[in-house]
Amino acid sequence: MERQSTASTCCYCGVGCGVLIEHDGRQILGVSGDPAHPANFGRLCSKGASLHLTGDPTARALYPQLRLGKTLARSRCDWDSALDHAAEVFARTIAEHGPDSVAFYLSGQLLTEDYYAFNKLARALVGTHNIDSNSRLCMSSAVVGYKRSLGADAPPCNYEDLEQSDCVMIVGSNMAYAHPVLFRRLEQAKSQRPAMKVIVIDPRRTDTCDLADLHLAILPGTDVALFHGILHLLLWEDWIDRDFIQAHTEGLAELKALVRDYTPALVAQLCGIGIEQLQQCAQWIGTAPSFLSLWCMGLNQSSAGSAKNSALINLHLATGQIGRPGAGPFSLTGQPNAMGGRETGSLSNLLPGHREAANPGDRAEVASYWGVERLPETPGLSAIELFEQLHSGRIKALWIACTNPAQSLPDQNRVRAALLKCPFVVLQEAFATTETAAFADLLLPAASWGEKEGSVTNSERRVSHVRQAVPPPGEARADWAITLDFAQRLERRLRPGLPSLFAFENAHQLFDEYKGLTRGRDLDLSGLSFELLDRLGPQQWPFPEGADHGTPRLYGDGVFPTPTGRARFVGDPYVAAREQREARFPLTLITGRLRDQWHGMSRTGTAAQAFGHVGEALLSLHPDDLRRQHLQDGDLVSLKSRRGSVIVPVTGDDSVRPGQAFLPMHWGDRFLKGGVNAVTQPAFDPLSKQPELKHSGVRLEPVHLPWQLFALVEGDVQARFQALRPLCESLAYVSLALTGRERPALVIRAAHLQAPESQLLAAIDQHLGLDAGPVLAYDDPRRAIGKRVRIEQERITAIRLAGETLARHWLQQLWLEGRADEQLRRWLLAPLSTPPQASGLGEPADRTLCNCKNVGYRAVQAGIAAGLDLGQLRQQLGCGSQCGSCVPEIKRLLATTAQPLAIPV
Ligand SMILES: Nc1nc2c(c(=O)[nH]1)N[C@H]1C(S)=C(S)[C@@H](COP(=O)(O)OP(=O)(O)OC[C@H]3O[C@@H](n4cnc5c(=O)[nH]c(N)nc54)[C@H](O)[C@@H]3O)O[C@H]1N2
Ligand SMILES: Nc1nc2c(c(=O)[nH]1)N[C@H]1C(S)=C(S)[C@@H](COP(=O)(O)OP(=O)(O)OC[C@H]3O[C@@H](n4cnc5c(=O)[nH]c(N)nc54)[C@H](O)[C@@H]3O)O[C@H]1N2
Ligand code: SF4
Ligand SMILES: [Mo]
């Protein structure tokens, strides 16, 4: 077929960029930014721009698979038997143990129509509010914040506000990595209007700080104290908007009494910042003509997440900075349709159309719209509670869709034990490789990006029509279609003879029914349809029937959706993060995102180039801490918390403060034995029930793992991954990654106390293709050293070093360069483990700085040393000239790399 282009959206972050998918009707061939989409106007970040290179088809779930007993393996079955079986088990469980014995755990990456179908299924048909989503780990504190302070869960702003603001405060957000296209827009605005002030509040000095006029590296979890301290100063200096407060707010008197105690001296001390910094921050906020705040997980993922959100919104209310261009509290949403999830009521405590499950009137409205007698009264379980109830045995059947809880939930040891315990786990997944897939009794293959139709809402309340470009692979189906099919089978068992609640044939019909539930509500979507979105482009809600355009900003009239019409000042006192540094756990572990990986890496982890920037899970520690612990870069340590431990290599990094550590969130058990979330904590915010994923008390323990393994093998990376990962299970440290852009290869690093049984090594060799054929091998069993290299047509195609692995960087470089020379052969057959002297020894391979143009650190550093500036680097090397995601880092290198020495005269 001919090459065609379908306009759709990026399936990653909440910026919600428009993409043009290039395809031939069968396969996706390329992707570019949609110039007509108002979120990005044609821009994409490194993740969006490489979408078509990710999602290796061999990693996809293609057919339903069913296991008929916990100890058995799953086997392929057809859709009818899969869904009949599921309906049978659910119907029986509900009959025997009641509707609250089953639960649904969903995702902010589902489409609005998927979400809506699940809501009707759980609440109307099954009769349970046990339906929650990974947004509980992500946005639920923002939901509570908006509702408590402003009366409804509605971000009042617009992306243009980033460009129009005079003072932008980015707090608990690493936008440069996590919302790169918005960061690009901000960068551009600031370069055009340098007077714009940018404040970044983050315990770490991230790439986002590159744009900052002021960086407050507050101690983890102290945001509420900081915001109260700022308000204290705003009040003291009279930098407040009395008219706005008088006319449109309530509750300032009580809050004043609270913040009186948050004196600059106390706050500076609590937050670990200078008083001048605090004062500067308050002054900019208090005197800027317009003030915008942007925030993300640094506020939400906290046991004080709700308090942090409201304390921040207080600053906007006090200064009247809301409802105007360039002003307002703007929560950045994480996932592409976290907003749609909130709108359709996909947290256990919500109902569709921004309603409350606890509100009898709201329940009655929804029940009558759906034509059922009533909705249940019993409150539903939130994510953390839900997994706890798998342990207690209260939940007996769990349906998971589009999320990977065996990677992303905190306290993984407990989560995995819970999944094992649950009698029936259904998983609706696009990739068969995820950690959770191992626990699924029924695996249902789902269509993924480019393969399904529906709608999503981005961070600025803008609804886009997601269009299908190609058919899903194998027997995979759209999520809403799977849900409806199951629901129809279940209703035949639960309400035989009654008209179906699920007689939808496509996503349009689901959207049209759903939007009726928003009519007259703050998020009114009743004027929208797929047809209208196709005609007018993506639109911001509210968009009531009869409207001809969306709503760029909310609350311009100062009227808020509270009973009194006034916004509320909320006065929660500062409460410290749950796990404070103490003798047994002297470090605070922060977790967060990397530039080129997405969550548990089911998609990005299939593309070697996503590992180019950061290739393994490294624990960042301040260089002083490293020295104090007598550690060197690359040393393995056991990172221990009260819940579990994980073995990782350390790296010195002065972007974290002493006493803190940072670990990227992406590595689950598949890529790193144990996974990052083995150590994180399930403690949650009392109102939002969002867990404190950002901070855990940890300590480092030395590990003695002298026996090391390094393997590299090209070709069939997914199959080899699947075969080799389980083989390595008995080793203490195991880390897997992909490398090489043109010829992707799997890289394995492992370490153990002593050499494993020789059978294990033999099995590994067999999967590496190192057991026969053109293989050069040297074994010294006495010293437990073994070297094997496969050379085909004068090129290395597989490597395995065991015992010790000093030559690994050298060998990887030879592999990369496609070389297999005489020096290599001599080295291989000698009892030597270190690489030949002349080879430049163990220099690690270069890392990729610019993913679009494939430019490494070394080239950029050499360019800087030669005196090139950003423009010249862009021009001569190409780096930073396409998506721009690497520009903040190049600027940082430019700022930190020593300038060339002045030539003496
Ligand atoms: N590349 C990439 N982009 C993504 C994602 C991804 O996986 N990869 N995921 C998407 C999703 S779902 C989400 S939710 C967003 C998350 O986007 P962000 O929240 O921006 O990303 P994180 O790195 O999780 O955390 C942001 C920052 O919070 C800081 N922080 C930690 N503790 C505190 C604290 O107590 N106070 C303050 N002020 N800051 C603190 C961390 O140091 C970190 O730099 O990213 C979205 N975009
Ligand atoms: N330590 C730590 N842990 C964290 C965080 C942190 O900052 N630190 N952040 C938390 C946050 S904010 C979030 S949002 C979560 C994210 O955690 P998860 O939701 O577990 O993240 P993903 O890996 O994106 O999971 C989505 C899954 O859906 C699959 N999928 C993709 N497309 C489709 C589709 O169309 N249909 C279906 N059915 N499946 C599909 C993907 O293969 C993937 O396995 O992680 C949380 N966990
Ligand atoms: S910023 Fe990047 S990841 Fe986010 S939607 Fe846009 S292209 Fe996708
Ligand atoms: Mo998220």
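Helices (H or I, at least four residues) and strands (E, at least two) are DSSP runs, numbered from the N terminus. The model is predicted.

**Exercise: an annotated span**

Task: Find the residues that UniProt lists for "domain: 4Fe-4S Mo/W bis-MGD-type", then state how far apart the end C-alpha atoms lie and how much of the span is helix and strand.

Solution. Start with the record. The UniProt entry, which is unreviewed, gives residues 3-59 for this domain. Next, take the two ends. Their C-alpha atoms are 25 Å apart. Last, read the secondary structure. Helix accounts for 7% of residues 3-59, and strand for 32%.

**Exercise: the ligand 3 site**

Task: Say where ligand 3 sits, list the residues around it, and sort them by character.

Solution. Begin with the void. Ligand 3 occupies the second largest cavity. Two elements give two or more residues to its shell: α1 (46-49) and α7 (180-192). Now list the shell. Around ligand 3 are C10, Y12, C13, V15, G16, C17, L44, C45, K47, G48, P180 and V181. Then sort. Cys, Tyr, Val, Leu and Pro count as nonpolar, Gly as polar and Lys as charged. The shell therefore splits into 9 nonpolar, 2 polar and 1 charged.

**Exercise: aromatic contacts**

Task: Count the aromatic pairs, then classify the pair of Y116 and Y514 and place its two residues.

Solution. Rings pair if their centres lie within 6.5 Å. The count is 19 aromatic pairs. For Y116 and Y514, the ring centres are 5.5 Å apart and the planes meet at 50 degrees. Planes under 30 degrees apart would be stacked, and over 60 edge-to-face. The angle of 50 degrees is in neither range, so the pair is tilted. Now place the partners. Y116 is in helix α3 (residues 112-126) and Y514 in helix α21 (residues 507-516), so the pair ties together parts 398 residues apart in sequence. Both Y116 and Y514 are buried. One aromatic cluster is formed by F90, F104, F118, W399, F424 and F486.

**Exercise: buried or exposed?**

Task: Decide whether P835, F710 and P379 are buried or exposed, and give a spatial partner for P835, F710 and P379.

Solution. The cut-offs come first: buried means under 20% relative accessible area, exposed over 50%.

- P835 has a relative accessible area of 1%, so this proline is buried. Its place is the loop between α27 (822-828) and β35 (848-850). Its partner is L811, 24 residues away in sequence and 8.2 Å away in space, C-alpha to C-alpha.
- F710 has a relative accessible area of 1%, so this residue is buried. Strand β29 (residues 707-714) holds F710. The partner is A750, 40 residues off in sequence, with a C-alpha to C-alpha distance of 6.6 Å.
- P379 reaches 62% relative accessibility, so this proline is exposed. The loop between α16 (360-370) and α17 (383-392) contains P379. N130 is 249 residues from P379 along the chain, yet their C-alpha atoms are separated by 7.8 Å.

**Exercise: backbone exceptions**

Task: Describe the peptide bond from W541 to P542 and the phi values of D716 and Q793.

Solution. Recall the background. Most residues other than glycine have a negative phi, and most peptide bonds are trans. Take the bond first. From W541 to P542 the peptide bond is cis, with omega near 0 degrees. P542 lies in the loop between β21 (539-540) and β22 (567-568).

Then take phi. D716 is not a glycine, yet has a positive phi of about 45 degrees. D716 lies in the loop between β29 and α24 (717-727). Its relative accessible area is 59%, so D716 is exposed.

Q793, also not a glycine, has a positive phi of about 45 degrees. The loop between β33 (785-792) and β34 (795-803) carries Q793. Its relative accessibility is 77%, so Q793 counts as exposed.

Definitions and conventions:
Residues numbered from 1 in each chain as written. Chains lettered and ligands numbered in written order. Predicted model: local features only at pLDDT ≥ 70, side-chain atom pairs only at ≥ 80, totals over all residues. Heavy atoms only, no water. Near = heavy atom within 4 Å. 1 Å grid on protein atoms, 1.4 Å probe; cavity = no way out; pocket = protein on both sides within 12 Å on 5 of 7 lines; lining within 4 Å. Sits in = over half its atoms within 2 Å of the grid points. UniProt positions renumbered as here; feature names shortened; annotations may be inferred. Phe/Tyr/Trp six-rings, centres within 6.5 Å; stacked < 30°, edge-to-face > 60°. Buried < 20%, exposed > 50% of the residue type's maximum accessible area, 1.4 Å probe, protein only.
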